[in-house]
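Open the model in your viewer and keep the sequence panel in sight. The stops below go from one selection to the next.

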Amino acid sequence: MTGTPAPFTADDYQARMERAARAAADAGLAGVLVAPGPDLVWLTGYAPPAATERLTLLVLAAGQDPVLVVPTLEAPDAEKAAGAPALTLRDWTDGKDPYATTAPLLDAAGRFGVSDNAWALHLLGLQKALPGTSYVSLTEGLPMLRAVKDAAELERLAAAGEAADATYEEILKVSFAGRRESEVAGDLADLLRRFGHSQVDFTVVGSGPNGANPHHEAGERVIENGDMVVLDFGGLKHGYGSDTSRTVHVGEPSAEERRVHDVVREAQEAAFRAVRPGIACQDVDRVARAHITEAGYGDRFIHRTGHGIGVTTHEPPYMIEGEERPLVPGMCFSVEPGIYLPGRFGVRIEDIVTVTEDGGRRLNNTSREMAVVH
């Protein structure tokens, strides 16, 4: 396992906030309003101590200093955030109107990008205080804000991918037959934490017919000899995401099962080889889908080929038909085609990939051949 990366500095956070403000201006927005959640952590390093109904809001706009509006009782924690030296804190006390504190920071007739998880309570409060304002979600208004990772972020994503790979290598050593899906899922979660994950987001174990449901939640089904088993797991390490899928077989697979697995593996390889700067996101999806369709399983590939990953395990960009944005060096996303045969089994193979100057680089490097487990 790689060591702990150096922490992000106030300069790093300042650069991100400036970038966000410029991106907003370029998109015709008056600024960006960021509530507690992944965007606030990425921009400032600050995560409020707990979910609260009290307004906390970062206000970014080109040409003005960043301001973080916080409840007075949480200001000491906000002052300790790594990005705090790069912004101004504006606190408000219980019994006062937080929107009256925030309103002077905003263009009264502006259109603002708002982090996706902002509370409706606070957005409606701002609209009431400033009826001339309007709002758009960041996913719609600035979808690529976090999409291009710098070297320090790529280091963290690579470490998370390495930990997920180590988890897969270890899970191949456990018993599958005769155990419940939930037990194997528990093993995956334990292993992710053993290899440095601070947060486990999902541990999909889809055995036999359950594998035909891409987002099957591990349940009480007892895994049997002869089952195909889809494993899809990930979470956060050093604040950045992992997400990998492999499909294993309990005992020797049939010729059909091997063929389906080969089709998915070949589609995944072809899509990975298509990754390079300048091609559209949808082209990655098209390559994987064309291979699966040619093999006769096109109607059984029922989800997008990939999603972005960073401080969350699912974020823009998305590898799907209609997404015409070009790939840019530093983007990171999954490549995860699958085939799902209802009532029988499913196969999915997934790696995280980052775009390089002349192609792509996998951040997951375990074997994509079908593993036989016991």
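Contact here means heavy atoms within 4.5 Å. Helices (H or I, at least four residues) and strands (E, at least two) are DSSP runs, numbered from the N terminus. The model is predicted: local features need pLDDT of at least 70, side-chain atom pairs count only at pLDDT 80 or more, and totals for chains, interfaces and linings use all residues. Residues are numbered from 1 along each chain as its sequence is written, and side-chain values use heavy atoms, without hydrogens and water.

**The sheet.** Select the six strands that form an open sheet of mixed pairing, in the order 4-3-2-1-5-6; two strands pair if DSSP finds at least two bridges between them. Strand 4 (88-92) and strand 6 (134-137) are its edges, each pairing on one side only. Now select strand 3 (residues 64-71), which is parallel to strand 4 over five bridges. Val-67 is found opposite Thr-88 of strand 4.

**A helix on the sheet.** Add helix 5 (residues 120-129), which lies across strand 1, strand 2, strand 5 (111-114) and strand 6 and runs at about 155° to strand 6. Such angles run from 0 to 180 degrees between N-to-C directions, with axes fitted to C-alpha atoms, for helices over the stretch in contact.

**Helix 8.** Move to residues 181-194. Which residues of helix 8 are buried (under 20% relative accessible area, 1.4 Å probe, protein chains only)? They are Glu-181, Val-184, Ala-185, Asp-187, Leu-188, Ala-189, Leu-191 and Leu-192. Their cover includes helix 7 (151-171), strand 7 (199-207) and strand 8 (228-237). After helix 8 comes Gly-196, with a positive phi near 105°.

Definitions and conventions:
The expected span of a helix is 1.5 Å times one less than its number of residues. Buried means under 20% relative accessible area, exposed over 50%, partly exposed in between (1.4 Å probe, protein chains only).
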